[in-house]
Amino acid sequence: MVPSPPSDPAQAARRIRLLMLLRRSGITDHRVLAAIERIPREAFVPAALQDQAYEDTALPIGRGQTISQPFVVALMTQALAVGDRHKVLEIGTGSGYQAAILTRLCRRLYTVERHKPLLDHALAQLHVLGITNITGIVGDGLKGWPSQAPFDRIIVTAAHRTDVPPAALTEQLGQGGILVIPLTKPNRAQYLYRIIKTAAGLESEELCPVRFVPLLPNIATGDASSSGEG
Ligand code: SAH
């Protein structure tokens with residue numbers, strides 16, 4: 001059931017180089033590094049871009065969407081402080097790579113994607129890797145997943161258009177829960193935030209500038225030509 005490291009020695013070497021880069025860049029959580037070591041990113045990257053699977057860059061995955069940069073995946077996962085008893089919600093399944101990393105760390109992952117073809121492809125790849133602690137639906141992640149709430153952790157992998165997190169998501173976060181989300185300031189700059197739900201209210205911490213595709217309302221229509229940021 002455990003995904004195995006790549007059999008291709010060149011990919012294995014690239015993956016080790018990427019792990020060293022992540023360590024140097026401040027990723028210190030051993031569980032996060034171990035998850036990245038175990039999950040083959042090439043399984044979530046289009047065939048034509050296989051040689052770039054372990055570059056520390058975002059790559060196009062179709063529908064104008066991208067698989068996030070490995071450093072950003074690692075940073076967000078580390079900020080989320082996921083435990084093995086946690087029920088986690090991800091908004092923006094995309095390629096399924098961030099989801100795969102999270103499934104190694106949590107009890108169960110619930111993931112929402114507005115593009116059905118992307119969700120179907122991601123779930124198929126996760127199935128091939130033998131990952132079973134995941135449930136995915138096509139939906140509008142701005143509404144969260146009310147029937148499964150509350151969640152211990154929520155991660156959003158597309159940028160919300162304002163600097164206030166969607167109310168549905170903070171409502172569906174359990175007491176003591178953590179939300180990691182890119183928000184957009186009035187000057188249009190995107191920053192990653194960690195928001196903790198305490199008895200006294202929401203405590204918000206700004207982590208770093210980021211660049212994500214936008215978090216868009218509603219389920220996407222079947223138009224395969226729709227585009228967005230690369
Ligand atoms: N976690 C992904 C990143 C994908 S990019 C990965 O590891 O590959 C962000 C994704 O968020 C895109 O697939 C986009 O379609 C999706 N998205 C944007 N707005 C959304 C919304 N309101 N609900 C669900 N998914 C959304």
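How many of the residues of strand 6 are buried? The count is 5 of 6, so to speak a mostly covered strand. Keep in mind as we go that this is a predicted model.Let's start with the big picture around that strand. Strand 6 belongs to an open sheet of 7 strands, laid out in the order 5-4-3-6-7-8-9 with mixed pairing. At the edges you'll find strand 5 (134-138) and strand 9 (201-209), and each of them has a single partner strand, so one side of each is left without a neighbour in the sheet. If you look at how neighbouring strands of this sheet sit against each other, they are turned by 15 degrees on average, direction ignored.

Helices pack on this sheet too. Helix 3 (residues 70-80) touches strand 3, strand 6 (151-156), strand 7 (173-184), strand 8 (190-198) and strand 9. Its direction makes about 155 degrees with that of strand 7. Helix 5 (residues 116-128) also packs on the sheet, where it touches strand 4 and strand 5. The direction of helix 5 makes about 165 degrees with that of strand 5.

Now let's zoom in on strand 3, which has strand 4 on one side and strand 6 on the other in the sheet order. Strand 3 (residues 87-91) and strand 4 (residues 108-113) run parallel and are joined by 5 bridges. Two of the facing pairs are easy to pick out: Leu89 stands opposite Tyr110, and Ile91 stands opposite Val112. How does the chain get from strand 3 to strand 4? It passes through helix 4 (residues 97-103), and this β-α-β crossover is right-handed.

On its other side, strand 3 is joined to strand 6 by 4 bridges, and these two strands also run parallel. Here the bridge partner of Val88 is Arg153 in strand 6, while Leu89 stands opposite Ile154 in that strand. Leu89 therefore turns up twice in this tour, facing Tyr110 in strand 4 and Ile154 in strand 6.

Strand 3 is mostly covered, with 5 of its 5 residues buried. Their side chains split between two directions: Lys87, Leu89 and Ile91 point one way, and Val88 and Glu90 point the other way.

Lys87 deserves a closer look. Is this residue of strand 3 buried or exposed? Lys87 has a relative accessible area of 17%, and the cut-off for buried is under 20%, so Lys87 counts as buried. Setting aside its neighbours within four places in sequence, Lys87 is in contact with Arg107, Arg108, Tyr110, Gln148, Pro150, Phe151, Asp152 and Arg153. For a sense of distance, the C-alpha atoms of Lys87 and Thr170 are separated by 15 Å, and these two residues are 83 residues apart along the chain.

From strand 6 we can step along the sheet to strand 7. These two strands run parallel and are joined by 4 bridges, with Ile155 of the one standing opposite Val180 of the other.

Next come a few backbone details. Most residues other than glycine have a negative phi, and most peptide bonds are trans. This model has some exceptions to show you. Pro150, one of the contacts of Lys87, is found in the loop between strand 5 and strand 6. The peptide bond that joins Ala149 and Pro150 is cis, with omega about 0 degrees.

Ala81 lies in the loop between helix 3 and strand 3, and its phi is near 45 degrees, a positive value in a residue other than glycine. With a relative accessible area of 37%, Ala81 is partly exposed. Arg188, in the loop between strand 7 and strand 8, has a positive phi of about 75 degrees although it is not a glycine. Arg188 counts as exposed, at 73% relative accessibility.

Finally, have a look at the start of the chain's helix numbering. Helix 1 (residues 9-24) and helix 2 (residues 30-38) pack at an angle of about 160 degrees, with their axes 10 Å apart. What does that angle make them? Angles over 145 degrees count as roughly antiparallel, and helix 1 and helix 2 are therefore roughly antiparallel to each other. Their crossing is right-handed. From helix 1, the contact is made by Arg15, Leu19, Leu22 and Arg23, and from helix 2 by Leu33, Ile36, Glu37 and Arg38.

Key. Residues are numbered from 1 along each chain as its sequence is written. This is a predicted model: local features need pLDDT of at least 70, side-chain atom pairs count only at pLDDT 80 or more; totals for chains, interfaces and linings use all residues. Side-chain values use heavy atoms; hydrogens and water are left out. Two strands pair if DSSP finds at least two bridges between them. Axes are lines fitted to C-alpha atoms, for helices over the stretch in contact, and angles run from 0 to 180 degrees between N-to-C directions. Contact means heavy atoms within 4.5 Å. Buried means under 20% relative accessible area, exposed over 50%, partly exposed in between (1.4 Å probe, protein chains only). A crossover is right-handed if, with the strands pointing away from the viewer, the path from the first strand over the helix to the second runs clockwise. Angles under 35 degrees count as roughly parallel, over 145 as roughly antiparallel, 65 to 115 as roughly perpendicular and the rest as oblique. A crossing is left-handed if the near helix is turned anticlockwise from the far one by less than a right angle, and right-handed if clockwise.
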